[in-house]
There are 2 protein chains.
Amino acid sequence: MCELLGMSANVPTDICFSFSGLRARGGRTGPHKDGWGMAMYRDGDVWAIHDPRPSADSDMAEVMSHTSLKCDIVISHIRQANVGAVCLLNTHPFSRLLWGKTWSYAHNGQLEAAEALVIDKTHPLGSTDSERAFCWIIEQLQRRFDNLEPEVESLSQALSELALQLKERGVFNMMLSDGKRLYCFCTTKLHWITRRAPFQKASLSDEDVIVDFQAVTTDKDVVTVIATQPLTQDESWQQMQEGELCVFDGGEVVCQIKHSSSVA
Amino acid sequence: MCELLGMSANVPTDICFSFSGLRARGGRTGPHKDGWGMAMYRDGDVWAIHDPRPSADSDMAEVMSHTSLKCDIVISHIRQANVGAVCLLNTHPFSRLLWGKTWSYAHNGQLEAAEALVIDKTHPLGSTDSERAFCWIIEQLQRRFDNLEPEVESLSQALSELALQLKERGVFNMMLSDGKRLYCFCTTKLHWITRRAPFQKASLSDEDVIVDFQAVTTDKDVVTVIATQPLTQDESWQQMQEGELCVFDGGEVVCQIKHSSSVA
């Protein structure tokens, strides 16, 4: 399996604090030692780092946990390989062009018989089930909406339906973004917290680090962090339900689709 | 056009000094403002950064110009877009798997009718002539050598032949690496310098930065830097010839193929 970390904020915000906690799980407090990656969006542009070395040992990850780069949206992933060798091209997040924008995606879980997902024009570079599922999603969206990007409600509905199909193959916790919104789908574990005024202190579960958000924010800031497992020990994280899709924009939930069969 | 920067060393070495010079050309001392990227190899592993923002302005590039990450081989590129939009997936270096290793590649120049290069299984993610040429090279090598990685001489000969074919379509200055060797092909401009004991001081042409290599090396270090244009103003760089392929391993030239018609 792997671990996911996402952020959506209404003001450019760095991910150092949360990434420090995630990073420790990449070989020190957790077994996810098969690489890490990060896609960082600001003003619609996205830049990315991919490193197949364990995040707990990587000097590049050390840099990223201490360097404040302000972003609107971040998707980060630390990998514990199941399908596909440990190498650059199997390192999440993966990116593809759709509707003139760069979409980035990371996946936690494992899908059975992912090779049976029919893809035609959107090809994986690596050999993971995760990237194949991403290519399939991109292609399904293209087929459904052609060259016209749908409104957030229609897109969310489509993503929910596609994710539920993938869920039938196994575990599919997923994050996807176009730089404006962060789409999160949960099958087994995704937790989120929205921080806003009045800001408090928080301490990481995996590292001996405390941050006083009051000191680094303004009253207008809204910052949501999403992770497979809560990253702090003194805050109350919301747990997403099985089959739930949550869409964040500027740190706020703008769309939420719950799958009825999961609340039986 | 674009600018290329490569490094091959016999001891892990950081690229900060050279990258500081290159970076300035990405929007400040040069027009190459359409993104930058870096593939960094150490012990056979490669990690990578891709950033479509101008390197002169990018906070991520600022970090990389001041952070010492030791590498055996580096390929870096700053882009001035001609074919393909400015976006993450059009940002060099590009990477593909071949013979169980991750090969990284960057290109300076422009190729006419690159879409006519026939590729079958190795697909570009973006829309540049550069990535298409890379996919074509990878596929040609696979056809020639199947699943058996050739010795350096055979591979160099093949790369030289393929590069000469691409050269017929325009300008093809290129760097390619598997983490062991750095293959450089020149059609119009590539310069290199090998630094070894006794080390001297050097000052960048594009930035007010001087480094005393004596202070940061041992007597055994051999470090070769290759760039489209010399990066320092007080050293003597060697100019590669039109149609020449140079292969570096541990900072030393291990293979050199000159194209006879270019020295007529």
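What follows is a chat about how chains A and B meet in this predicted model.

Visitor: How do you know that chain B and chain A are related as by a two-fold rotation axis?

Guide: Lay chain B on chain A: a turn of 180° does it, with a shift of 0.0 Å along the axis and an RMSD of 0.0 Å. The two copies are thus related as by a two-fold rotation axis. In chain B, the C-alpha nearest that axis belongs to B:Ile49, 2.3 Å from it.

Visitor: What makes you say that the same surface serves both copies?

Guide: Look at the contact residues: 100% of those of chain B recur in chain A. Chain B gives 26 residues to the contact, and chain A gives 26 residues.

Visitor: How much area do chain B and chain A bury between them, and what share is on carbon and sulfur atoms?

Guide: About 2400 Å², with 71% of it on carbon and sulfur atoms.

Visitor: Why is the meeting of A:Asp59 and B:Arg42 called a salt bridge?

Guide: The term asks for a side-chain nitrogen of Lys or Arg within 4 Å of a carboxyl oxygen of Asp or Glu. The side chains of A:Asp59 and B:Arg42 come to 3.2 Å, N to O, so the pair passes the 4 Å cut-off. Side chains of opposite charge can pair when their charged atoms come close. Across this interface the rule finds two salt bridges, and there are five residue pairs in polar contact too.

Visitor: Which elements give two or more residues to the side of chain B that touches chain A?

Guide: Strand E3 (45-51), helix H2 (59-66) and strand E5 (94-98) of chain B. The largest share, seven residues, comes from E3(B). By class, that side of chain B has 14 nonpolar, five polar and seven charged residues.

Visitor: Why are strand E3 of chain A and E3(B) said to pair?

Guide: Pairing needs at least two bridges between the strands. Strand E3 (residues 45-51) of chain A and E3(B) share three bridges, in the antiparallel sense, so they qualify. A:Ala48, for instance, stands opposite B:His50 in E3(B).

Visitor: And what makes A:Asp249 and A:Lys180 a link between distant parts of the chain?

Guide: They sit 69 residues apart: A:Asp249 is in strand E14 (residues 244-249), and A:Lys180 is in the loop between strand E7 (173-177) and strand E8 (181-186) of chain A. Their closest N and O atoms are 3.0 Å apart, which is within 4 Å, so this pair counts as a salt bridge as well. Over all chains, the whole structure has 36 salt bridges.

Key:
Residues are numbered from 1 along each chain as its sequence is written. Chains are lettered from A and ligands numbered from 1 in the order in which they are written. This is a predicted model: local features need pLDDT of at least 70, side-chain atom pairs count only at pLDDT 80 or more; totals for chains, interfaces and linings use all residues. Side-chain values use heavy atoms; hydrogens and water are left out. Copies are superposed by least squares on the C-alpha atoms of residues with pLDDT of at least 70 in both. Contact means heavy atoms within 4.5 Å. Buried area is the accessible area (1.4 Å probe) that two parts lose on being put together, summed over both. A polar contact is a pair of N or O atoms within 3.5 Å; within protein, one must be able to donate a hydrogen and the other to accept it, and residues adjacent in sequence count only if both atoms are side-chain atoms. Helices (H or I, at least four residues) and strands (E, at least two) are DSSP runs, numbered from the N terminus. Ala, Val, Leu, Ile, Met, Phe, Trp, Tyr, Cys and Pro count as nonpolar, Asp, Glu, Lys and Arg as charged, and the others, Gly among them, as polar.
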